Amino acid sequence: MAVDTPLRRLFDYLPPAMPEGAAEPKPGARVWVPFGRRRLVGMVMDVADRSDLPPERLKPILEVLDAAPALEASALELIRWAAEYYHHPVGQVLAAALPALLRRGAGVAATEERWALTGSGSDAAAAGEPRRAPRQRALLEFLLSRGGTAVAGDLAGHSPLWRDAARPLEQRGWLARAEVALVEAPEPAQVRAAGPTLLPEQRDAVERVAAASRAYAAFLLEGVTGSGKTEVYLRLTEEALARGRAVLVLVPEIGLTPQLVGRFRERFAAPLAVLHSALTDSERLAAWRAAWSGRARIVLGTRSAVFAPLQDLGLIVVDEEHDPSFKQHEGALRYSARDLAVVRARHASVPVLLGSATPSLETLHNVAASRYTRLRLLRRPGESRPPLLKLIDLRVSAIEAGISTPAVLAIERHLAAGAQVLIFLNRRGFAPTLLCTACGWIAPCRDCDARLTVHLAAARLRCHHCGADAPLPERCPQCGFAVKPVGQGTERIEAALGARFPGVSIVRLDRDVVRRRGDLDEVVRRMSSGEARILVGTQMVTKGHDFPNLTLVVVLNADQGLFSSDFRAPERLAQTIVQVAGRAGRGNKPGEVLIQTEFPQHPLLVSLLERGYDGFTDAALEERLQASWPPFSRLAALRASGKTREAALGFLTEARAAAGAPPRVLKLLGPVPAAMAKRAGRYHAQLLIESRERRVLHRFLDGWLPQVEALKSAQRARWALDVDPLELF
Ligand code: ADP
Ligand code: ZN
Ligand code: ZN
């Protein structure tokens with residue numbers, strides 16, 4: 001039995017007291033069990049003949065919640081696998097996988113309450129009993145007239161006070177109450193609209209994945225934005241539905257990809273279940289039930305949807321597989337939904353398709369090792385040339401308000417040609433720093449090792465790490481001199497462009513805008529209609545939305561990603577540049593991309609410019625190999641935080657000591673304070689565990705973690721193990 005506790009084990013229970021002939025609960029079924037002095041929802045993982053404990057020490061299951069398992073075999077196996085791989089208590093993996101309401105005992109199938117006459121109840125009704133209680137008698141008669149059974153809704157129609165009458169009858173054994181599963185008939189999956197004729201490359205991709213449809217196989221579908229990947233997903237979904245199979249589609253952030261959901265809805269008349277983090281508990285339960293019952297044949301969702309129950313799973317798609325949001329990097333269970341999708345496909349013997357314009361180095365490594373098959377879409381439908389990338393050397397170009405003269409001239413040129421322009425800067429707010437030019441004071445966050453960002457329009461100072469929020473001071477709190485914002489954020493760039501290009505309509509797209517206006521619709525509408533000519537934005541602009549008239553992209557600052565303590569920073573930078581560049585030029589209008597940098601000789605930028613994303617990944621993989629970083633080694637991070645630096649570091653130091661002499665092919669690195677050690681008032685540190693061999697790493701963790709848990713300092717610090725950490729800080 002898996003129970004939601006921090007203990008790394010399963011628990012044995014006796015079968016519940018059951019009426020003669022009733023079936024025992026099956027694996028995947030939820031049950032109520034006594035746990036200490038509490039009553040918890042547990043999940044049956046296995047049914048065994050015997051236990052290591054003597055029978056007198058075992059307690060029976062109190063109640064079986066699911067007649068049919070809540071999780072089918074492949075989902076259950078995935079949970080077991082995740083618990084082992086992420087070294088996490090299986091009960092807590094389940095807790096992360098199941099909707100909250102199911103963890104609290106809600107029915108897995110939509111149910112209705114049904115009341116029925118028992119044998120003695122029928123006799124009593126026929127005999128006109130109970131004579132002295134007319135309301136009870138009327139209820140029995142009503143049931144008799146309905147063939148002996150009725151649902152709660154009908155009974156309420158009979159009498160609003162029916163429950164008062166039903167209770168004593170139930171106690172006398174004349175009535176029985178039951179929760180009966182509502183049978184949801186699967187609706188026929190239908191294609192609403194036929195798609196376009198596929199290009200040869202698309203057709204080839206569809207055929208190769210479809211040919212593998214009865215077994216596990218992993219594919220990388222590589223193609224720039226607009227090259228027709230989604231069309232391939234749609235065709236393969238159509239193919240799976242036609243075979244009576246269900247399809248799971250994982251996407252990075254649903255809020256930013258509404259058009260993907262829209263395209264599935266437009267294409268298929270089949271019901272779609274959408275699972276994402278912004279759902280309420282009951283919405284999530286409803287979507288989960290639709291998938292569980294088999295009514296929804298397509299499940300589209302973010303990260304946690306990888307655990308969704310699906311009847312007859314036939315295909316898994318992971319769109320934008322490189323996206324970091326597939327990795328859960330907070331909380332208890334830190335998993336990669338992309339990696340789990342591949343594992344689930346293997347367990348379910350179905351193909352998995354990973355799509356991206358900029359595949360992760362891990363995935364490319366799997367391609368090189370022949371574990372994944374690479375399928376490429378090289379052309380955009382109806383277009384011949386990829387956008388042209390050029391660097392602007394900031395050391396020799398005049399620059400004003402963050403925008404260089406060559407960039408300004410290019411913007412003028414593209415605007416004059418009637419086109420639209422995108423300015424990319426991965427920093428929201430007006431300026432990242434507020435400085436006193438007299439005494440050198442810089443507005444700091446009290447709770448983080450970070451500066452506060454100036455938000456001029458809102459007249460606030462905000463911390464982008466902990467959310468701290470304060471009024472914008474006019475004078476230096478230290479010396480009383482005037483303060484001034486230093487550096488550029490999107491808000492400032494928008495203002496600067498407004499001053500430089502009066503009369504040109506400019507829109508901005510970042511988290512502040514989206515939060516304030518409620519959604520992206522307005523920005524998208526103004527860009528699509530052509531009313532807005534310049535779009536200033538952060539990472540958000542890399543996703544979705546196609547603006548065919550956009551021909552110039554300017555990347556204002558590429559340098560943040562070049563020199564970082566995180567070995568994955570260059571990969572992220574290259575992906576961002578390629579994704580942003582992908583916004584430029586559609587149809588027959590060629591695109592131009594300008595990248596401002598102070599390091600035009602940087603090998604990463606050079607390889608990216610000369611040989612594109614392929615060139616970059618070749619160089620980056622070689623670098624990873626030399627440094628023995630993933631994917632050429634396996635990593636786990638033990639992360640800790642505490643009220644003091646010493647609390648966090650002290651725990652990790654003891655944890656390291658507990659490891660004794662590690663195996664030869666395994667290295668312990670650290671502990672070291674995080675690059676930004678103080679965040680939201682807590683100090684963060686980490687200890688890295690690295691090995692060339694995955695098995696060695698996991699065997700080590702198996703032996704070591706129980707010792708770590710047993711440390712006294714483990715109780716004081718907050719800590720978590722992160723297997724395959726994505727961000728090192
Ligand atoms: P991606 O998912 O790679 O960004 P999409 O599948 O969204 O690409 O395709 C981009 C655009 O091209 C969409 O408007 C789509 O309808 C269209 N498209 C895709 N495949 C074809 C095709 N074979 N013929 C014509 N148009 C296509
Ligand atoms: Zn000052
Ligand atoms: Zn802060």
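Is Gln-575 buried or exposed? The sections below take up this residue and then other parts of the structure, which is a predicted model.

## Gln-575 and its surroundings

Gln-575 has a relative accessibility of 3% and is therefore classed as buried, the cut-off for that class being under 20% relative accessible area. The residue belongs to helix H18, which covers residues 569-581.

The side chain of Gln-575 forms a polar contact with the side chain of Tyr-613, at 3.3 Å. When neighbours within four places in sequence are set aside, the residues in contact with Gln-575 are His-322, Thr-358, Pro-359, Ser-360 and Tyr-613.

## The zinc site

The zinc ion (ligand 2) has four cysteine sulfur atoms as its protein donors: the SG atoms of Cys-436, Cys-439, Cys-476 and Cys-479. These donors lie 2.2 to 2.4 Å from the ion. Along the sequence, the spacing of the donor residues is C-x2-C-x36-C-x2-C.

The arrangement around the zinc ion (ligand 2) is tetrahedral because the four donor atoms subtend angles of 100 to 114°, and the criterion for four donors is that all angles lie between 85 and 135 degrees. Two of the donor residues can be described by their accessibility. Cys-476 has a relative accessible area of 4% and so is buried, whereas Cys-479, with 41%, is partly exposed.

## Helix H12

Helix H12 consists of twelve residues, 337-348. From its first C-alpha to its last, H12 reaches 16 Å, close to the 16 Å expected at 1.5 Å a residue. After H12 comes Ser-349, which has a positive phi, near 55°.

The buried residues of this helix are Ala-337, Arg-338, Leu-340, Ala-341, Val-342, Val-343, Arg-344 and Ala-345. Both helices and strands contribute to the cover over these buried residues of H12. Among the helices are H1 (73-85) and H13 (361-368); among the strands are E9 (246-250), E12 (313-319), E13 (351-356) and E14 (372-377).

## Strands E10 and E11

In a regular strand, side chains alternate between the two faces of the sheet. In strand E10 (residues 272-275), Leu-272 and Val-274 point one way, while Ala-273 and Leu-275 point the other way. All of these residues are buried.

How many bridges join E10 to strand E11? There are four, and E10 and E11 (residues 298-301) run parallel. Within this pairing, Leu-272 of E10 has Ile-298 of E11 as its bridge partner.

Definitions and conventions: Residues are numbered from 1 along each chain as its sequence is written. Chains are lettered from A and ligands numbered from 1 in the order in which they are written. This is a predicted model: local features need pLDDT of at least 70, side-chain atom pairs count only at pLDDT 80 or more; totals for chains, interfaces and linings use all residues. Side-chain values use heavy atoms; hydrogens and water are left out. Donors are N, O and S atoms within 2.8 Å of the metal (3.2 Å for Na, K and Ca); water is not among the atoms, so sites may look incomplete. Four donors count as tetrahedral if all angles lie between 85 and 135 degrees; four count as square planar and six as octahedral if opposite donors are over 155 degrees apart and all others between 65 and 115; anything else is irregular. Buried means under 20% relative accessible area, exposed over 50%, partly exposed in between (1.4 Å probe, protein chains only). Helices (H or I, at least four residues) and strands (E, at least two) are DSSP runs, numbered from the N terminus. A polar contact is a pair of N or O atoms within 3.5 Å; within protein, one must be able to donate a hydrogen and the other to accept it, and residues adjacent in sequence count only if both atoms are side-chain atoms. Contact means heavy atoms within 4.5 Å. The expected span of a helix is 1.5 Å times one less than its number of residues. Two strands pair if DSSP finds at least two bridges between them.
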